[in-house]
Amino acid sequence: MKKFLSLMLIIVMSLNLTACNNNTQKTSDSSTIKMTEVKDVSVPDFKVKICGAKITNKDLEKYSLYSVESHTVNSQGTEHNYVFIGYKFSDVLESAQITGDIGSAQIICTDGYEMTYDGDVKADGVLLAITKDGETFKDGPWFAPCTSSTTGDFAQDLSKVEFGGITSPIAGGGEDTKTEETQEEIAFPQDPISEDKTDKITFADFSFKINGNEITNADLDGLKIYRNTVVTKNSKDVVSQNKYSGYVLKDVLAKLGISGTKVTAIADDGYTSELTEDIINNDLTIIAIEKDKETGKGGTVWIAPCAENSSGKYGKGIVEIVVE
């Protein structure tokens with residue numbers, strides 16, 4: 001009996017040790033992040049606001065660029081592996097003269113999308129990235145916390161970063177003039193305007209998936225094309241007006257013989273947005289091939305529920321749609 005109990009004790013201890021070792025392997029730690037300094041990289045013009053301070057590529061010229069690999073999993077369980085090149089976010093903070101304890105970061109993108117990042121932005125591996133897998137950004141750099149294994153912690157087209165009311169010592173006097181003028185010109189709320197542009201718009205090549213099947217221009221040939229002019233507001237009460245051109249979502253699903261009460265749109269950075277049945281069946285909800293007459297990066301598309309006036313409901317860089 002004693003031998004049996006001893007054997008069981010050894011087995012239990014071995015299992016616990018194995019579990020501890022497995023947990024250690026899964027834990028994200030900045031000490032495991034490999035950062036490689038890179039040179040001779042062309043840096044395009046950009047500007048981001050850090051606690052009110054306008055930081056540009058010129059301000060960061062004295063700092064080194066680094067290459068960092070990331071491995072993440074999104075809410076659908078899809079794994080992503082990317083290589084980002086950019087500036088250490090700690091160097092960006094130094095340029096903005098932000099020191100001391102800063103807490104969680106509020107990440108704000110050029111299209112009004114916002115999120116809160118609770119990790120340590122000063123850790124090695126957290127980048128203000130100018131390229132992803134060798135591709136340069138379109139509207140703004142990436143916020144790339146490569147210490148995180150959560151795809152949703154990454155954001156493209158970065159516009160601002162704020163930390164709990166902290167203001168940079170070199171902060172300027174408010175938003176850009178263009179933004180201020182826009183606020184005066186645009187009334188909010190405003191009913192969306194839908195225009196039939198079937199015979200007036202020809203789209204460049206695009207590609208996305210619906211339930212795993214690739215959809216291209218040819219698959220949607222014959223469907224009516226609409227341009228919807230919408231006014232939206234983000235969580236900071238910034239109002240913007242945009243024109244989305246594309247196909248009504250329910251028309252696309254009907255043409256493909258697909259039905260469902262829930263749609264999940266997955267972006268190229270792993271971000272997901274969900275549409276309820278009433279949004280799916282609304283004539284103003286479109287799969288947009290163009291936004292303000294510009295095509296999506298890499299042939300991606302937008303999900304634009306144009307009856308919604310919150311910019312957080314819209315999705316860009318969409319590569320896949322799942323209908324359930």
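Why does Ile-279 count as buried? The reason is its relative accessibility: at 12%, Ile-279 falls under the 20% that marks a buried residue, so it is put in that class. In this predicted model, Ile-279 sits in helix α5, which covers residues 277-280. Once the neighbours within four places in sequence are set aside, Ile-279 is in contact with Thr-285, Pro-305 and Glu-308. As for Cys-306, 27 residues separate it from Ile-279 in sequence, while the C-alpha to C-alpha distance between the two is 9.3 Å.

Stepping back to the whole chain, there are 324 residues, and 43% of them are buried. The secondary structure adds up to five helices and 22 strands. Among contacts with a separation of 6 or more, 66% join residues that are 24 or more positions apart.

Next come the nonpolar cores. The largest one has 45 residues, and the members that touch the most others are Ile-50, Phe-84, Phe-89, Ile-107, Val-121, Phe-143 and Phe-163. Strand β8 gives this core its largest share, with five residues. Apart from it lies another core, made up of 26 residues, including Leu-223, Tyr-247, Ala-265 and Ile-280.

Phe-84 is worth a look of its own. Leaving out residues up to four places away in sequence, Phe-84 touches Tyr-66, Ser-67, Val-68 and Ser-70, along with Leu-127, Ala-129, Thr-131 and Lys-132, and also Trp-142, Ala-144, Cys-146 and Phe-154. Two of these partners, Trp-142 and Ala-144, belong to strand β10 (residues 142-145), where they point one way. Phe-143 and Pro-145 point the other way from β10, and all four residues are buried. Strand β10 pairs with β8 (residues 126-132) in the antiparallel sense, over four bridges. Within that pairing, Ala-129 has Trp-142 as its bridge partner in β10.

The model also has some enclosed space, with two cavities of 30 Å³ or more. The largest has a volume of about 140 Å³. Its lining takes in 14 residues, and those nearest the centre are Tyr-113, Gln-156, Asp-269, Tyr-271 and Lys-316. Sorted by class, this lining comes to seven nonpolar, four polar and three charged residues.

The second largest cavity holds about 70 Å³ of space. Around it are Ser-70, Thr-72, Tyr-82, Phe-84, Lys-132, Trp-142, Thr-151, Phe-154, Ala-155 and Asp-269. Phe-84, already met in the largest core, is thus one of the residues lining this cavity, and so is Trp-142, the β10 residue bridged to Ala-129. Asp-269 lines the second largest cavity and is also among the residues nearest the centre of the largest one. Strands β4 (65-73) and β5 (79-88) each supply at least two residues of the lining of the second largest cavity. By class, that lining divides into five nonpolar, three polar and two charged residues.

Finally, there is Thr-264, which is found in strand β17 (residues 263-267). Thr-264 counts as buried because its relative accessibility is just 1%. Not counting residues up to four places away in sequence, Thr-264 touches Gln-76, Thr-272, Ser-273 and Glu-274, plus Glu-320, Ile-321, Val-322 and Glu-324.

Technical notes. Residues are numbered from 1 along each chain as its sequence is written. This is a predicted model: local features need pLDDT of at least 70, side-chain atom pairs count only at pLDDT 80 or more; totals for chains, interfaces and linings use all residues. Side-chain values use heavy atoms; hydrogens and water are left out. On a 1 Å grid over the protein atoms alone, a cavity is a set of points where a 1.4 Å probe fits but cannot get out, and a pocket is an open set with protein on both sides within 12 Å along at least five of seven lines; lining residues have an atom within 4 Å of a point. Grid points are joined across faces, edges and corners, and a volume is the space filled by probe spheres set on the points. Ala, Val, Leu, Ile, Met, Phe, Trp, Tyr, Cys and Pro count as nonpolar, Asp, Glu, Lys and Arg as charged, and the others, Gly among them, as polar. Buried means under 20% relative accessible area, exposed over 50%, partly exposed in between (1.4 Å probe, protein chains only). Two strands pair if DSSP finds at least two bridges between them. A nonpolar core is a set of buried Ala, Val, Leu, Ile, Met, Phe, Trp, Tyr and Cys residues joined through side-chain atoms within 4.5 Å. Contact means heavy atoms within 4.5 Å.
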